[in-house]
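Colleague: Before I plan anything at the bench, I would like a close look at a single part of this protein, taken slowly and in connection with what surrounds it. Could you pick one helix and walk me through its setting?

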Amino acid sequence: MKYLIHRIFLKLLLLTIFLPLSVSADIIHLMPTPHSLQRVRGQFSLHRSISIVMPDSVAIVGGPRVAAELSELVVEGGGKVVAKAHATIVVRMVASVRGARFQEEAYHLTVNLNTIMIEAATRLGALRAAQTLRQLAEGRRGSIAGCDITDWAAFRVRGYMHDIGRSYIPFERLKEEVVALARYKVNVFQWHLTDNQGWRLQSDIYPQLNADSSFTRFPGQYYTKAQVRELVTLASSYGITVIPELDMPGHSEAFRRAMGHSMVTVEGLNELKNLLTEASETFSGTPWMHIGTDEYRVADKPLAGQHALDLNTFVSEIVAHLKSLGRKVMAWSPGVGDKSVLNMTQMWSGRGRPTPGVPAIDSRYHYINHFDTYADLALLYGSTIAEQREGSAQYAGVIMGMWNDRLMPSYESIITQNNFYASMLAAAERGWLGGGKGYFTNKGVRLSVADTDFFDWERRFLYHKAHFLQGKPINYVKQTNVKWLITDAFPNNGDLTMKFPPETEELKSSYTYQGKVYGTHSALGATVFLRHYWGEKTVPGFFEHPQSNTTAYAYTYVYSPVKQMAGAQIEFYNYGRSEADVAPRQGKWDYRESRIWVNDAEIIPPTWQNTYTGRTNERPLLNENFSARKPIGILLNKGWNKILIKLPNNGFEATSATRLAKWMFTFVLTNQEGTCALDNVIYSPTR
């Protein structure tokens, strides 16, 4: 009887939880989720003639494209925009949106049988309502469910940064990202245009900056003034502010190659003022200019015999010049110079601190070039921004950074290996909603069954991946159903090949080894960090006090209703996109002798495409990360399949091959193409 009940339970579970995403079209899948949402009866049909009514101040050309968004909504839904109709979309400007904590992007939206009403205090708020409507119409075949929404942005900055100085991104791709991310209320694009590898902004006054000889990567690839103006205008129409960054006085080797001297000289300072005047004209459609100021190093200093300007004087003169041009000025913290003269600071690394009275953006633990695809994403989503529940005069919001110190082979590799879209939509929702469950440094990277808000975020993200974001390079698949048991760590005395009871005995909840009992503990997710790469004192991992020279094991069982071939995303060391790390030796998953077995058959790692042995940033990352290769083929038997993973470590110091110690693993089953999770299986370490 117990066996029969178990079989019936499995069949019911498979029928109820493994529905295709398209079935979810009627479920509210807004992203970011609104602050206040109520369903109301009925639905608004788009399959008819519809009039759009709004004040001239909203309909005018230039600025947020409210009229265009609403017109596209109607036409794409199968309707026709006419001057007068029974069905109407009305935009009404109000002094303030009732119930909204902040007004700048707030809106009140009601949808019923024949009327859609938008109320907002600003054009930007009306645009946010229109973007919400576009999402509500997705997957509904020409209708919008009745609802009543009051919504606003908890933080006024929700942005992303591309490191263009090191890795050129095609202009059309930048435009595509603006259009895609605006749908999710991302509102800032930080354009890091210059670095040691190149000056990627056209200059007519100093054309030598754009000469091939001034670049060490992607020579001659830079953005023209016309392209800049086009992107700034496009972004503004979608509610995104562009913040150009010309890094100074650090990260300035491209400037030195072109001009023959350091920025921190009299000549260099005068040239920079001329360049900033030129750039301000080019970026006339945005009020901001970011001047960097971080990581001033020996290579940036004047040569012997050249007089070096005082750094505080240098920064103060640059800031004063930009302000005389009507610019608002932003810089990194920490960085050289007086921060009190700035209009905004951007905190980076654990040392970033706000300057009293100067608004601060949090980018301290938001560099996705370090992130893995799964565990760090859940940590990002659950973490507060700047340890604040909502924005204030002091705390403006968040910008996610992607630093490509490591040469990347293509635009797609930058986007997939940095998990760009998933990270951006997680940050966008946290920035819009505010809140969180603690900061990175105290929340930790361990996913829990209590993280139901992340479970819901994942459901909605995967819906958008299959719809509006379909075709974008996204490797993320469902992970919240992946369950593990992880053993206490056994002492290996520095011998990474030592065997312990989980390898030689049946899998069970505890083991006795050398007279000591070693238990097991539950874990959740496709990636588990036994010790996070920033260390347990900075970002807590699975083990509260991870010990060097130990070996742990992770295991689960996977129930498959049929015998089938599956794909598996497998990884034991996520290669950071700003690290000069060396690929594993052939035949090994990593430098720690990590291993994996499925049904007692060992899974052999792929053939690594990189075979060099010295650390360098100038050899591109190839297939080291699972996100850059096809899934590993796995044969699942009908019934329960055993997954066992061995995780040794021999210390947490940097080595000649890798800088950051990552005691971790990634495993999740996918279809053979790797485009989605295998949707007809169950993970259960206890069967």
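Modeller: Let me start on the outer side of helix α3, where the face turned away from the buried side carries the exposed residues V75 and E76. Please keep in mind throughout that this is a predicted model. The buried residues of the helix are V66, E69, L70, L73 and V74, and because they cover an arc of only 130° around the axis, they fall on the same side of α3. The spacing follows a familiar rule: an α-helix has 3.6 residues a turn, so residues three or four places apart point the same way. After the helix comes G78, whose phi is positive, near 95°.

What does α3 pack against? The partner is an open sheet of seven strands, arranged in the order β1-β7-β5-β6-β4-β2-β3 with mixed pairing, and its edge strands are β1 (36–45) and β3 (80–81), each of which pairs on one side only. Helix α3, which spans residues 66–76, touches β2 (49–53), β3, β4, β6 and β7 (143–151), and its direction makes about 160° with that of β4. Strand β4 (residues 87–93) is in turn joined by six bridges to β6 (residues 115–120), with the two strands running parallel, and within that pairing R92 has E119 of β6 as its bridge partner. A second helix, α4 (residues 123–137), lies across β4, β5 (107–111), β6 and β7, and it runs at about 35° to β5. As general background, strands of a sheet pair through backbone hydrogen bonds, either parallel or antiparallel.

For contrast with the setting of α3, it helps to look at the other sheet, a closed barrel of eight strands that runs β8-β9-β12-β13-β14-β15-β16-β17 with parallel pairing, and in which the twist averages 30° from one strand to the next. Five bridges join β8 (residues 157–163) to β9 (residues 188–192), again in parallel, and G159 stands opposite V188 in β9. Helix α5 (residues 171–182) packs on this sheet by touching β8 and β9, with its direction making about 160° with that of β8.

Strand β8 also pairs with β17 in the parallel sense, over six bridges, and there V157 stands opposite G397 of β17. On β16 (residues 360–362), which pairs with β17 in the parallel sense over three bridges, I361 likewise has G397 as its bridge partner. Strand β17 (residues 395–402) is mostly covered, since eight of its eight residues are buried, and together with β16 and helix α10 (residues 375–382) it makes a right-handed β-α-β unit.

Finally, as you may wonder about cysteines, the structure holds zero disulfides. C147 is buried, with a relative accessible area of 2%, whereas C676, at 39% relative accessibility, counts as partly exposed.

To return to the part you asked about, the picture of α3 is that of a helix with V66, E69, L70, L73 and V74 buried, with V75 and E76 exposed on the face turned away from that buried side, and with contacts to β2, β3, β4, β6 and β7 of the sheet it packs on.

Notes:
Residues numbered from 1 in each chain as written. Predicted model: local features only at pLDDT ≥ 70, side-chain atom pairs only at ≥ 80, totals over all residues. Heavy atoms only, no water. Pairing = 2+ DSSP bridges. Helix = DSSP H or I, 4+ residues; strand = E, 2+ residues; numbered from the N terminus. Contact = heavy atoms within 4.5 Å. Axes fitted to C-alpha atoms, helices over the stretch in contact; angles between N-to-C directions. Buried < 20%, exposed > 50% of the residue type's maximum accessible area, 1.4 Å probe, protein only. Arc of directions from axis to C-beta. Right-handed = clockwise from strand over helix to strand, strands pointing away. Disulfide = S-S within 2.5 Å.
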